[in-house]
Amino acid sequence: MKSLEELMAIRDKARASMTDREGTGEGIRIVVGMATCGIAAGARPVLNAFVEEVAKRGLKNVTVSQTGCIGMCQYEPIVEVFAPGKEKVTYVKMSPENVPEIVANHIVNGNPVVEKTVGAIVKN
Amino acid sequence: MRELSLNVLDIAQNSISADAPLIEIEVLENTEKKELLIGIYDNGKGMTPEQVENVKDPFFTTRTTRKVGMGIPLFKLAAEQTGGHLNIESEVGKGTRVQAVFKTDSIDFTPIGDMESTVLMLITMNTDREFIYRFGIDERIFTLSTQELKAILGDVPLSEPSVSMWIKEYLEEQTQNIRGGMLNEIT
């Protein structure tokens, strides 16, 4: 059984590693649309996948957060990536399977996965 | 929505938007009555009686009233299609209580789904709020309170990956415990 004592040990370990992370400046923000439309389309596993992938790679300076309706409900789940000094990249019709590739290519190496962006998928 | 846990995630977002410092979620099953009660209670800014009527109507939504939309109508439908019901009580400045009752033996009962994932996401994405989560089957009830966790964690945030992982496993273990009916005295 998990115990609160165990949580205390995790706290002490986390404290030690948290100090390493300070002073790294502005970072990349990954924002997932989590309104009714996003949730119904499967945004929860997508957000979880980003959180897990970022944690697994131990990426510092990357935050994963949620927002409301982005306004294109038919293309949900939608994910926006904000990198300092770069234009916002919007990914549409996301699934958890797309997440490792986006983290590896875009978040880590700075090359957006063009095939999954709104520009590539939404054609008039 | 494919699982009730997704409806809960959606309804709880309304409490976040309503600036509620404390959000309580309860999921209680009564196997004798074959009923499931899901409650989302907050102490946010609340709604007027007119707004309470309006949130039940999916066609009322306008862009200016952003938090009213399909959320409550979908949750209400999920409850009513089993022969259950949904009730909203709200008072401006006090908060809102949304409670839905489901008949678990109905063919149209939507599975609860991954409620642990919903709770974990709410807790880790909104570390500035407090959450109380209660999950129970008959007399076996488990409670998780972020206030208690924060008292132990101090300056270490709930969103810290190793902490989130612990909460996730803790939630899963406790839920399984209640579902399996294991007794705590066997330790």
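These questions and answers walk through a predicted model of two chains, A and B.

User: What ipTM and pTM does the predictor give the complex?
Analyst: The model is predicted, and its scores come from the predictor. For the complex, the ipTM is 0.83 and the pTM is 0.88.

User: What pLDDT does chain B average?
Analyst: In chain B, 91% of the residues score at least 70. Where pLDDT is low, the coordinates should not be read in detail. The average pLDDT of chain B is 90.

User: Which pattern does chain A follow along the sequence?
Analyst: Chain A has five helices and four strands. Its C-alpha trace spans about 55 × 35 × 20 Å along the principal axes. Read along the sequence, the pattern is α-β-α-α-β-β-β-α-α.

User: Which strands are the edge strands of the sheet in chain A?
Analyst: This open sheet of four strands has mixed pairing and the order E2-E1-E3-E4. An edge strand pairs on one side only. In chain A, that describes E2 and strand E4 (89-91).

User: By how many degrees are neighbouring strands of the chain A sheet turned against each other on average?
Analyst: The sheet in question is open, with the order E2-E1-E3-E4 in chain A. With direction ignored, the average turn between neighbouring strands is 20°.

User: Do E1 and E2 of chain A run parallel or antiparallel?
Analyst: Strands of a sheet pair through backbone hydrogen bonds, in either sense. Strand E1 (residues 28-33) of chain A is joined to E2(A) by six bridges. A:Val32 stands opposite A:Gln66 in E2(A). The two strands run parallel.

User: What is the strand order of the sheet in chain B?
Analyst: This sheet is open, has six strands and shows mixed pairing. Its edge strands are E3 (85-91) and E6 (140-145) of chain B, each pairing on one side only. The twist averages 10° from one strand to the next. The order is E3-E4-E2-E1-E5-E6.

User: Which residue in the turn between E3 and E4 of chain B has a positive phi?
Analyst: E3(B) and strand E4 (residues 95-103) of chain B pair in the antiparallel sense over seven bridges. Across this pairing, B:Ile88 stands opposite B:Val98, and B:Asn87 stands opposite B:Gln99. The two strands form a hairpin with three residues between them. The phi is about 85°, and the residue is B:Gly93.

User: Which residues form the covered face of E3(B)?
Analyst: E3(B) has two faces. The uncovered one holds B:His85, B:Asn87, B:Glu89 and B:Glu91. The covered one holds B:Leu86, B:Ile88 and B:Ser90.

User: Which strands of chain B does helix H1 of chain B touch?
Analyst: Helix H1 (residues 4-17) of chain B packs on the sheet. The direction of the helix makes about 20° with that of E2(B). H1 touches strand E1 (22-30), strand E2 (35-42) and E4 of chain B.

User: Why does B:Asn14 count as buried?
Analyst: B:Asn14 lies in helix H1 of chain B. A residue is buried if 20 or more other C-beta atoms lie within 10 Å of its own. B:Asn14 is buried because the count within 10 Å is 23.

User: How far apart in space are B:Asn14 and B:Gly44?
Analyst: In sequence, B:Asn14 and B:Gly44 are 30 residues apart. C-alpha to C-alpha, the distance is 9.3 Å.

User: Which residues touch the most other members of the largest nonpolar core?
Analyst: In soluble globular proteins, nonpolar side chains tend to be buried together. The largest nonpolar core here has 71 residues. One of those with the most contacts, B:Ala12, is in contact with B:Ile23, B:Ile25, B:Ile40 and B:Leu122, leaving aside neighbours within four places in sequence. The residues asked for are A:Val46, A:Leu47, A:Phe50, A:Val79, B:Val8 and B:Ala12.

User: Which element gives the most to the side of chain A that touches chain B?
Analyst: The contact takes 23 residues from chain A and 25 residues from chain B. Helix H1 (4-18), helix H2 (36-41), helix H3 (43-56) and strand E2 (62-67) of chain A each give two or more residues to this side. By class, the side has 12 nonpolar, five polar and six charged residues. With 10 residues, the element that gives the most is H1(A).

How values were computed. Residues numbered from 1 in each chain as written. Chains lettered and ligands numbered in written order. Predicted model: local features only at pLDDT ≥ 70, side-chain atom pairs only at ≥ 80, totals over all residues. Pairing = 2+ DSSP bridges. Axes fitted to C-alpha atoms, helices over the stretch in contact; angles between N-to-C directions. Contact = placed C-beta atoms within 7 Å. Core = buried A, V, L, I, M, F, W, Y, C linked by C-beta atoms within 7 Å. Buried ≥ 20, exposed ≤ 12 C-beta atoms within 10 Å, placed from the backbone. Nonpolar A, V, L, I, M, F, W, Y, C, P; charged D, E, K, R; others polar. pLDDT = per-residue confidence, 0-100.
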